[in-house]
Amino acid sequence: MADKYVVGVDFGTLSGRALVVRVRDGAELGTAICAYRHGVIERELPATGVPLAPDWALQDPEDYLDVLRVAVPAAVRAAQVDPADIIGIATDFTACTVLPTTAEGTPLCRLPQFAGRPHAYPKLWKHHAAQPQADRVTAVAHELGEPWIGRYGGRISSEWEFAKGLQMLEEDPEIYAAAARFIEAADWIVWQLCGRETRNVCTAGYKGQHQDDAWPGRAYLTALNPGFADFVGKLAHPLSPLGGRAGGLTERAARWTGLRPGIAVAVGNVDAHVTAPAAQAVGEGQLLAVMGTSTCHVMNSDRLAEVPGMCGVVDGGIVSGSWGYEAGQSAVGDIFAWFADSAVPGHYREQAAARGQDTHAYLGDLAGRQRVGEHGLIALDWLGGNRSVLVDHDLSGVLVGLTLSTRPEDIYRALLEATAFGTRMIIETFNAAGVPVRELIVAGGLLKNPLLMQIYADVTGLPLSVLGSEQGPALGSAIHAAVAAGAYPDVRVASAAMGRVSNAAYLPDPGRVTAYDALYAEYRTLHDHFGRGGTQVLHRLRRIRNATRTEVATA
């Protein structure tokens, strides 16, 4: 019998990637990337020049369709396979990335009358301007004793659906009224592929507070804002399990992609969660850290527990039959990129270039020569706020221990270590809640940094396994496409056949583990002082910054 193939499409923060995979063994045969023309819209709307306030992050949905038009056909050509042998396509997306649409699925930003209205555009996952609304979403839930709030560690993020929807209502009620749907981009792109609106259990559970087969009730919504009482109506739709078949590829989408009409289109998914099967991280206690611009931590467990400060626990949120836990760090790779781009002196760049290295590699070589603690620094990894376990996007970064002898490589290593300390904080919180972590598995672009990987093993004291693919989300999506097409009975079986992982690729060094224990104790002290009420200075600085920027933008 001839081999069959599937396509996985990973929609990231700045680009989308398509991957053609052989069904029987997960072999990756062809890939292509399409960069988003508009990237992340943070300063002003490209169509009109309308300025954006601080902490906004939008996108243009046409960029998502470009990925289908450009990357998918290019990946099929690169794979040199017959499109007639491709049996399914699946997608994953950053989350929570949400957009308001008409009842037919047309994004409101495409309507001429709304092109200049920021709330008509998709709000990217790292849109953090809804923090005041998130604080109220959390406070009212506790005031009313909403049973679902404990499933999210007691706090709701500004990144999620309810906070972003409430911000839309309060800042642009006309857009809110015009939005018949408020839909995750993960589900919107599937709608464009198969012509059928679906909602997946993953985003509904983690980003929409859907628990125990129910959404938050009307009384709760009204308490948030009387005009918000109808919000669930913009979200509600029968939920579909991961790996399910959303429908068949439409004629229009077939023309975009060059694939056969009618092939299976899988239910939408989230980039981090879909990576777990790719890394064969679907067992009890296997914590997968998908490390890129940010880090998302996901793990399956047979038991339900309320873990403080987690992003959520959802039945079937990663694979059916298990409780899926999610935590995260709002910025990781972005922190390293910020430092390399903005804070490294010119002569370091020249030395890196002379050695044929980029700035990161050069700094990594210098930092890797240091003993643990040699730089005398501790940093807090909150340059993008804190997603877990404090769930506070108004926090900001802290660096302690600077002297006149501090060098760029010292700060660079301290920032690497800070993100590892943040992950250890998450692991310890899981362990304390009775959901033990026994293995750390890493996926994402940052696994290419061996110094960073060894630091994570030494800081956490855990063996560190790594995904055996450079394209984890796209491979994970391809695994779901194979299940949706009927090639495997479920995601676990498909993962065993198509996923790949290098087990215990990095082992903790006992001496460095002990040294990092002492530094981590200092990190925890700073973490609790700046993040748990020892001082509110970071919040006050944020308010001053936002007020000043708003005055400048409106002047």
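Contact is taken here to mean heavy atoms within 4.5 Å. The structure described is a predicted model, and its two open sheets, with the helices that lie across them, are considered in turn.

In the predicted model, helix α1 (residues 61-79) lies across four strands, namely β1 (5-11), β2 (15-22), β3 and β4, and runs at about 150 degrees to β3. These strands belong to an open sheet of 6 strands, in which the order is β3-β2-β1-β4-β10-β9 and the pairing is mixed. The edges of the sheet are formed by β3 (28-35) and β9 (245-248), each of which pairs on one side only. On average, and with direction ignored, neighbouring strands of this sheet are turned by 20 degrees against each other.

Strand β1 is largely enclosed by the rest of the structure, because 7 of its 7 residues are buried. Tyr5, Val7, Val9 and Phe11 point one way from β1, whereas Val6, Gly8 and Asp10 point the other way; all of these residues are buried. Within the sheet, β1 has an antiparallel pairing with β2 over 7 bridges, and a hairpin of 3 connecting residues leads from β1 to β2. Asp10 of β1 has Arg17 in β2 as its bridge partner. The pairing of β1 with β4 is parallel and comprises 7 bridges; here Gly8 has Ala90 in β4 as its bridge partner. Strand β4 (residues 86-93) is in turn joined by 2 bridges to strand β10 (residues 264-266), and these two strands run parallel. In this pairing, Gly88 stands opposite Ala264 in β10.

A further pairing involves strand β5 (residues 98-101), both faces of which are covered. Val98 and Pro100 lie on one side of β5 and Leu99 and Thr101 on the other, and all four are buried. Strand β5 pairs with strand β6 (residues 181-184) in the antiparallel sense, over 4 bridges, and Leu99 stands opposite Ile183 in β6.

Gln133 is located in helix α2 (residues 131-143). This residue counts as buried because its relative accessibility is 6%, and buried means under 20% relative accessible area. When neighbours within four places in sequence are left aside, the contacts of Gln133 are Ala163, Leu166, Gln167, Glu170 and Glu171.

The UniProt record, an unreviewed entry, places the feature "domain: Carbohydrate kinase FGGY C-terminal" at residues 288-485. Over residues 288-485, the chain is 39% helix and 19% strand, and the end C-alpha atoms are 26 Å apart.

The second open sheet consists of 7 strands in the order β13-β14-β12-β11-β17-β18-β19, with mixed pairing. Strands β13 (312-315) and β19 (501-506) stand at its edges; each has a single partner strand, so one side of each is left without a neighbour in the sheet. Neighbouring strands of this sheet are turned against each other by 25 degrees on average, direction ignored. At one edge, β13 and strand β14 (residues 323-329) pair in the antiparallel sense over 4 bridges, and Val314 has Gly324 in β14 as its bridge partner. Helix α14 lies across β11 (286-291), β12 (295-301) and β14, and runs at about 150 degrees to β14.

Helix packing was examined for α13 with α14 and for α11 with α13. Two packed helices are described by the angle between their axes and the distance between the axes. Helix α13 (residues 359-368) packs against helix α14 (residues 408-432) at an angle of about 90 degrees, with the axes 9 Å apart. Helix α13 is therefore roughly perpendicular to α14. On the α13 side, the contact involves His360, Leu363, Gly364, Leu366, Ala367 and Gly368, which meet Pro408, Glu409, Tyr412 and Arg413 in α14. The residues of this contact of α13 with α14 comprise 5 nonpolar, 3 polar and 2 charged.

Helix α11 (residues 333-342) also packs with α13, at an angle of about 100 degrees and with the axes 10 Å apart. This angle makes α11 roughly perpendicular to α13. Phe336, Ala337, Phe339 and Ala340 of α11 form the contact with Thr359, His360 and Leu363 of α13. In the contact of α11 with α13, the residues divide into 5 nonpolar and 2 polar, with no charged residues.

Terms used. Residues are numbered from 1 along each chain as its sequence is written. This is a predicted model: local features need pLDDT of at least 70, side-chain atom pairs count only at pLDDT 80 or more; totals for chains, interfaces and linings use all residues. Side-chain values use heavy atoms; hydrogens and water are left out. UniProt positions are given in the numbering used here, feature names are shortened, and annotations may be inferred rather than shown by experiment. Axes are lines fitted to C-alpha atoms, for helices over the stretch in contact, and angles run from 0 to 180 degrees between N-to-C directions. Angles under 35 degrees count as roughly parallel, over 145 as roughly antiparallel, 65 to 115 as roughly perpendicular and the rest as oblique. Ala, Val, Leu, Ile, Met, Phe, Trp, Tyr, Cys and Pro count as nonpolar, Asp, Glu, Lys and Arg as charged, and the others, Gly among them, as polar. Two strands pair if DSSP finds at least two bridges between them. Buried means under 20% relative accessible area, exposed over 50%, partly exposed in between (1.4 Å probe, protein chains only).
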